[in-house]
Amino acid sequence: MVIRATGQNRTTLLVTGGSGFLGATLVEMARSQGWNVVATYHAQRPHVQGVDWEWLDLRDRPATRALIERIAPDVVVHTAYRQEGPDMAAVTADGAEAVAQGAYAAQSRLIHLSSDVVFDGERSDRYTEADTPHPVTPYGAAKAEAERLVVNAHPAALIVRTSLIYGGPERPGRHERFVLDVIDGRAEAIFFTDELRCPVEVGDLATALLELAGSNRSGILHVAGPDVVSRYEFACLVARAFGRDPVDVRGGPSPVEPRRPRNCALDSRLAQSILTTRIRGVREVLMYMGSSEDADEKVCDVQVIRDPNLTP
């Protein structure tokens, strides 16, 4: 179900991180569906009409709670985070708790965005919603702590774990831009052949989140793409979709130190069973965008091998 409000009874949606990649897409789609959209930003106010923009510093916990209580939205979708730096835990974990406290006080539905990196990546098959987080990176630890704090502050919240978010040639995200920077010589990197993720197209994820906003689902839900690909294969798919030669993509194993989660594949079958939104696989999206008559399973100089333990 998707809430489509009109007239005097428009439903208010608050998007934290509305200037970010996912947040901006959510704002755009929510406006088109008739939501009364309020969105927060921190660094620079976006020039998007029809949105009530609010400046927010998640490190200021009392101000965060007060903002949400003042707006009293019907739904809060919390997308804001910080992936590194000295304030990472204060923004990503403590800030998420403040958002949850504010949403609870305002009696708002809360959807909290989390990540596949809450897991250690050492298993051979996909992680389900029942698996216990065991992060091995500082960012993963902050996201895992955020989940714990959010559940304690707002027991009815829905925690949505997702994976790499990309947009394709029409609205490329930072993952695609980095691949292009490497191919075009503006950066250097080796793309890991043993780090597995389930990339999700930003529009598909935003559509799914808005559908979930109109439901009463709580707990944890994995919403990621159905395809399991390595960082290397993802880079190859990006290269071809953007008209580059995948042969220019270098692949190799991930380093022993610092430790990284290798297999972060998420089992999203539960989401697939309850959503009407179809989450497309990255091969479908990027191979179509970079389509050619001979497009097949072959990317770069390796043949894609499907692991039967990683099928959805």
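The questions and answers below concern a predicted model, and they cover its strands, crossovers and salt bridges.

Me: How many of the residues of strand 5 are buried?
Reply: Strand 5 covers residues 109–115. On one side Arg109, Ile111, Leu113 and Ser115 are buried, and on the other side so are Leu110, His112 and Ser114. Both faces are therefore covered, given that buried means under 20% relative accessible area. The count of buried residues is 7 of 7.

Me: Which residue of strand 5 is the bridge partner of Val76?
Reply: Strand 4, residues 75–78, pairs with strand 5 in the parallel sense over 4 bridges. Within this pairing, the partner of Val76 in strand 5 is Leu110.

Me: Through which helix does the chain cross from strand 4 to strand 5?
Reply: The two strands pair in the parallel sense. The β-α-β crossover between them is right-handed, and its helix, residues 88–105, is helix 3.

Me: Which residue of strand 6 is the bridge partner of Ile111?
Reply: Strand 5 also runs parallel to strand 6, residues 158–162, and 5 bridges join them. Ile111 is one of the buried residues of strand 5. Its bridge partner in strand 6 is Leu158.

Me: What is the handedness of the β-α-β unit made by strand 5, helix 4 and strand 6?
Reply: Strands 5 and 6 run parallel. Helix 4, residues 138–153, belongs to the unit with these two strands, and the unit is right-handed.

Me: Which residue of strand 2 stands opposite Leu14?
Reply: Strand 1, residues 12–16, runs parallel to strand 2, with 4 bridges joining them. Together with helix 1, residues 21–32, these strands make a right-handed β-α-β unit. Strand 2 covers residues 36–41, and 5 of its 6 residues are buried. The residue of strand 2 opposite Leu14 is Val38.

Me: Which residue of strand 3 stands opposite Thr40?
Reply: Strand 2 runs parallel to strand 3, residues 52–55, and 4 bridges join the two. Opposite Thr40, in strand 3, stands Glu54.

Me: With which residue do the side chains of Glu54 meet in a salt bridge?
Reply: The structure holds 26 salt bridges. One of them, at 3.1 Å from N to O, joins Glu54 to Arg70. This pair links distant parts of the chain, strand 3 and helix 2 (residues 61–71), 16 residues apart. The partner of Glu54 is Arg70.

Me: Is Arg70 buried or exposed?
Reply: Exposed means over 50% relative accessible area. Arg70 has a relative accessible area of 55%, so Arg70 is exposed.

Me: Which residue forms a salt bridge with Arg186?
Reply: Arg186 counts as exposed at 56% relative accessibility. The partner counts as partly exposed at 26%. The closest N and O atoms of the pair are 2.7 Å apart, and the partner is Asp181.

Me: Is Arg283 buried or exposed?
Reply: Arg283 lies in helix 9, residues 282–289, and is 56 residues apart from Asp227, which is in the loop between strand 11 and strand 12. The two meet in a salt bridge of 3.8 Å, N to O. Asp227 has 14% relative accessibility and counts as buried. Arg283 has 7%, which is under the 20% cut-off, so Arg283 also counts as buried.

Note on methods. Residues numbered from 1 in each chain as written. Predicted model: local features only at pLDDT ≥ 70, side-chain atom pairs only at ≥ 80, totals over all residues. Heavy atoms only, no water. Buried < 20%, exposed > 50% of the residue type's maximum accessible area, 1.4 Å probe, protein only. Pairing = 2+ DSSP bridges. Right-handed = clockwise from strand over helix to strand, strands pointing away. Salt bridge = Lys/Arg side-chain N within 4 Å of Asp/Glu carboxyl O.
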